[in-house]
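Hi,

Here is the structure I promised to pass on. Have a look at it first, and then read my notes below.

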Amino acid sequence: MSEQQSTDKPWGGRFTEPTDTFVEGFTASVDFDKRLYFHDIQGSLAHARMLTQVEVLTEDEYQAIEQGLTEIRSRIEAGNFPWSVKLEDVHMNIEAQLTQAIGITGKKLHTGRSRNDQVATDIRLYLRDEIDVISAELVRLQTGLIEQALTYADTIMPGFTHLQTAQPVTLGHHLLAWNEMLQRDYERLQDCRKRVNVCPLGAAALAGTTYPIDRHLSAQLLGFERPTENSLDSVSDRDFAIEFSSVASLMMIHLSRMSEELILWTSAQFNFIDLPDRFCTGSSIMPQKKNPDVPELVRGKSGRVVGHLISLLMLMKSQPLAYNKDNQEDKEPLFDVIDTAKGCLKAFADMIPAIQAKPEVMREAARRGFSTATDLADYLVRQGLPFRDAHEVVGKAVAHGVATQKDLAEMSLQELQGFCASIEADVFDVLTLEGSVQARDHIGGTAPSQVRAAAHRARARLGA
């Protein structure tokens, strides 16, 4: 038999023997949920103010609670608060210290609520604030991308499909494609926040409370849009945590895709860009190495976040209403999703504005891959050929170019006319890389003027 503990628990009245020592530690959550202290105190102050408003507490009792909780918050932030595993969680630790500080009034704070609605409220308050922090970092990253897109609006590079050279684009256009991904992530975050921003406080354990509480006042004091509608759902719902983790997972997938391209672009085989030394590391044995550790690590961390999403989904699978102890397992994955997303966004928001492109290398890569072949086919269609016939003509011209190691733009007019007699001298206007990108002059196209216009629209969207 393990060593036993005393039954001196806030809930110990019903129990005839103390909690097993191992079980006490196994079921405790204070080691990780103590990060909710600020929001736990915020929720308690609102609850106490509401109880005072409905005359369950007196004004003097409220003042004592407010002073006590304010002092506890200061002690926690100063690092001299006596966290105890025996008190299980952040809520009971704070309540115990409050009661020790102000006496019996501290025990009255829990009137009309349960740890079930208390923790649900704390997590929503915490996640709401973290969504705002993550959104700000996301905007900072987008701002860096947009400014770089403007800088490199004219810089020609190969566009790829299947990682094979397809058509010329500009680096600015490519960077704005990344920004479009992140803009959707931002919009999803704001939409998710709406469902986070409802108040479960007052649902109590699962059925509500007999006290004359004012849930609308509690919600208003905490900045929630409204109280939740159903007490059973209020204490057992973790959809908002899963939804946020889903949004964060998709955002991390986008960062992973960006990372993969940055890693390729910094390789000796591509050599498109240079990352500043402060975002890279070297090798312990190979002195020439400069490794793109930041994008590699972000690429790896995407799997971590997606894994937490799956954990939360499985946590809620088959749970009956209402609250179950299983839900204690929601916090560690959620907290790590938040921390990982914030760290990755900060790293990218710091790094992206410092990237330097190599325009000459990019242009040469676009020139080598017959990237204007589609432009030649379009030219032939405008000359009257059906597209499928034009496609075949250009395919033969490309085969000739492979055999002679010539790009289409390097072939003579006579060579090109050997594949189609209707080709004239003006064909070289479309076979140049510059002519190709300039021709895509429509909204969403890669023409430099369109890239600049898109960047300005994206910047205005951020400002709004």
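How many Å separate the centres of domain 1 and domain 3, taken over C-alpha atoms? The separation comes to 74 Å. Bear in mind that this is a predicted model, so all of what follows is computed from predicted coordinates.

For orientation, the domain assignment gives domain 1 as 21-111 and domain 3 as 370-447. Domain 2 is written in two pieces, 116-209 and 229-364.

Starting at helix α1, which covers residues 21-27, you will find F22. With a relative accessibility of 55%, F22 is exposed, because the cut-off for that class is over 50%. F22 also joins V23 and F26 in making a nonpolar surface patch of about 340 Å².

Next, T151 and what follows. T151 belongs to helix α7, residues 115-151, and is exposed at 53% relative accessibility. In sequence T151 and G172 are 21 residues apart, yet in space their C-alpha atoms are 7.3 Å apart.

There is a hairpin to look at too. Strand β1 (residues 156-161) runs antiparallel to strand β2 (residues 164-170), and the two pair over six bridges. Across that pairing, P158 stands opposite P168 in β2. Two residues lie between the strands, and H162 in the turn has a positive phi of about 55°.

Helix α12 spans residues 293-316 and holds G300. G300 has a relative accessibility of 49% and counts as partly exposed. That class fits because exposed would need over 50%. If you want a long-range pair to set beside T151 and G172, take G300 and Q53: they are 247 residues apart along the chain, and 51 Å separate their C-alpha atoms.

Last, the cysteines. How many disulfides does a search of the whole structure find? The search finds zero. C280, for one, is in no disulfide, and the nearest cysteine sulfur, that of C344, is 16 Å away. A pair would have to be within 2.5 Å to count, so C280 and C344 do not qualify. Is C280 buried or exposed? C280 is buried, because its relative accessible area of 15% falls under the 20% cut-off. C420 is buried as well, with a relative accessibility of 10%.

That's what I have for now. Shout if anything is unclear.

Cheers

Notes: Residues numbered from 1 in each chain as written. Predicted model: local features only at pLDDT ≥ 70, side-chain atom pairs only at ≥ 80, totals over all residues. Heavy atoms only, no water. Buried < 20%, exposed > 50% of the residue type's maximum accessible area, 1.4 Å probe, protein only. Domains from an automatic or database assignment. Patch = residues over 30% accessible without salt bridge, like charges linked within 9 Å, V, L, I, M, F, W, Y side chains within 5 Å. Areas by Shrake-Rupley, 256 points an atom, 1.4 Å probe, with all protein chains shown as cover. Salt bridge = Lys/Arg side-chain N within 4 Å of Asp/Glu carboxyl O. Helix = DSSP H or I, 4+ residues; strand = E, 2+ residues; numbered from the N terminus. Pairing = 2+ DSSP bridges.
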